[in-house]
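Subject: Structure handover

Hello,

Here is the structure for you to look through. My notes on it follow below.

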Amino acid sequence: MKKLEIDRIWWRNVQLGEFYNIERHHQIEGGGGSLYIEVPSSIVPQTLDFLDVSDVDVDELPVIRIEAGVIGQPGVFGPIEFQKKMGSRMRIARQNRQAPSSERHPAWTEKRGFPVAPDNIRDKEDARPHFPDGGLRIYIAKTVDGDYFAGFTKGPRPRFMKPGDPMWDLFPEGNRPVGGVIDAG
């Protein structure tokens, strides 16, 4: 298997409330509730640059769909759709696994070890026991050839990991950033 030459890694620290929203039933009493993973305004410029659309105003952003492979599983690909959101934010759309229109990336599924909550959870406190201690992060790696690959990390930073490892920043300590882009090249 050819080793991937990673140039940059986009990552997002998934919050407990987001985990609940992407795991719960897609229709809840009273309606509402997000079915996506938000890209907060603080990392939108980095995200647009990562997607090679840094010259686009996020409030005028067209839907951006990328095909991303699954880290560690050659030949498996899936779409990741970025959409604009009010307030100069973005979202990774259709991530609720129970929704009929779900397009959760295959790297972010139970089959790959992604955490899952029971189908009948009612709130984020019901989801808490299923959320990993040490956090949950999704990431998209971009190769020097411009190909995308998705994966995730959960739990605390592995003890064997060295500070020079490009994945080191996926495990922030102290005031936990929400995400960003890591230059790995």
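**Strand pairing and the sheet**

Strand 2 and strand 5 pair in the antiparallel sense, over three bridges. Two strands count as paired if DSSP finds at least two bridges between them. Helices (H or I, at least four residues) and strands (E, at least two) are DSSP runs, numbered from the N terminus. Please keep in mind that this is a predicted model: local features need pLDDT of at least 70, side-chain atom pairs count only at pLDDT 80 or more, and totals for chains, interfaces and linings use all residues. Residues are numbered from 1 along each chain as its sequence is written, and side-chain values use heavy atoms, with hydrogens and water left out.

Within the pairing of strands 2 and 5, Val39 stands opposite Met90 of strand 5. On its other partner, strand 5 pairs with strand 4 (residues 73–85), again in the antiparallel sense, over four bridges. There, Gln83 faces Arg91 of strand 5.

Now the whole sheet. Eight strands form an open sheet with mixed pairing, in the order 2-5-4-3-7-6-1-8. Its edge strands are strand 2 (37–39) and strand 8 (179–183), and each pairs on one side only. From one strand to the next, the twist averages 30°. Angles run from 0 to 180 degrees between N-to-C directions; axes are lines fitted to C-alpha atoms, for helices over the stretch in contact.

**Strand 5 and its hairpin**

In a regular strand the side chains alternate between the two faces of the sheet. Strand 5 (89–92) shows such alternation: Met90 and Ile92 point to one face and are buried, whereas Arg89 and Arg91 point to the other and are not. Buried means under 20% relative accessible area, exposed means over 50%, and partly exposed is in between (1.4 Å probe, protein chains only).

The hairpin of strands 4 and 5 has three residues between the strands, and Gly87 there takes a positive phi near 80°. Ser88 is in the loop between strand 4 and strand 5. Its phi is near 60°, a positive value in a residue other than glycine. Ser88 is partly exposed, at a relative accessible area of 29%.

Asp52 is another non-glycine residue with a positive phi, of about 65°. Look for Asp52 in the loop between helix 2 (44–50) and strand 3 (64–70). Asp52 is exposed, with a relative accessible area of 57%.

**Strand 1**

Strand 1 is mostly covered, with seven of its nine residues buried. Strand 1 (residues 6–14) pairs with strand 8 in the antiparallel sense over five bridges. Strand 1 also pairs with strand 6 in the antiparallel sense, over eight bridges. Trp11 has a partner in each: Tyr139 stands opposite in strand 6, and Gly180 is the bridge partner in strand 8. Arg8 stands opposite Asp183 in strand 8.

Helix 1 (residues 16–23) lies across strand 1, strand 2 and strand 6 (136–143), and runs at about 90° to strand 1.

**Aromatic pairs and Phe114**

Rings of Phe, Tyr and Trp (its six-membered ring) pair if their centres lie within 6.5 Å; planes under 30 degrees apart count as stacked, over 60 as edge-to-face and the rest as tilted. The count comes to five aromatic pairs. Among them are Trp10 and Phe82: their ring centres are 6.0 Å apart and their planes at 90°, so the pair is edge-to-face. Trp10 lies in strand 1 and Phe82 in strand 4, so the pair ties together parts that are 72 residues apart in sequence. Both Trp10 and Phe82 are buried.

Phe114 and Phe152 form an edge-to-face pair, 5.1 Å centre to centre with 75° between the planes. Phe114 lies in the loop between strand 5 and helix 3 and Phe152 in strand 7 (residues 148–154), so this pair ties together parts 38 residues apart in sequence.

Is Phe114 buried or exposed? Phe114 counts as buried, at 3% relative accessibility. Leaving aside neighbours within four places in sequence, its contacts (heavy atoms within 4.5 Å) include Ile22, Arg104, Trp108 and Ile138.

**Charges over rings**

A charge sits over a ring if NZ of Lys or CZ of Arg is within 6 Å of the ring centre and within 35 degrees of the ring normal. Lys142 lies over the face of Phe50, at 5.6 Å from the ring centre. Arg157 lies over the face of Trp168, at 3.5 Å from the ring centre.

Best wishes
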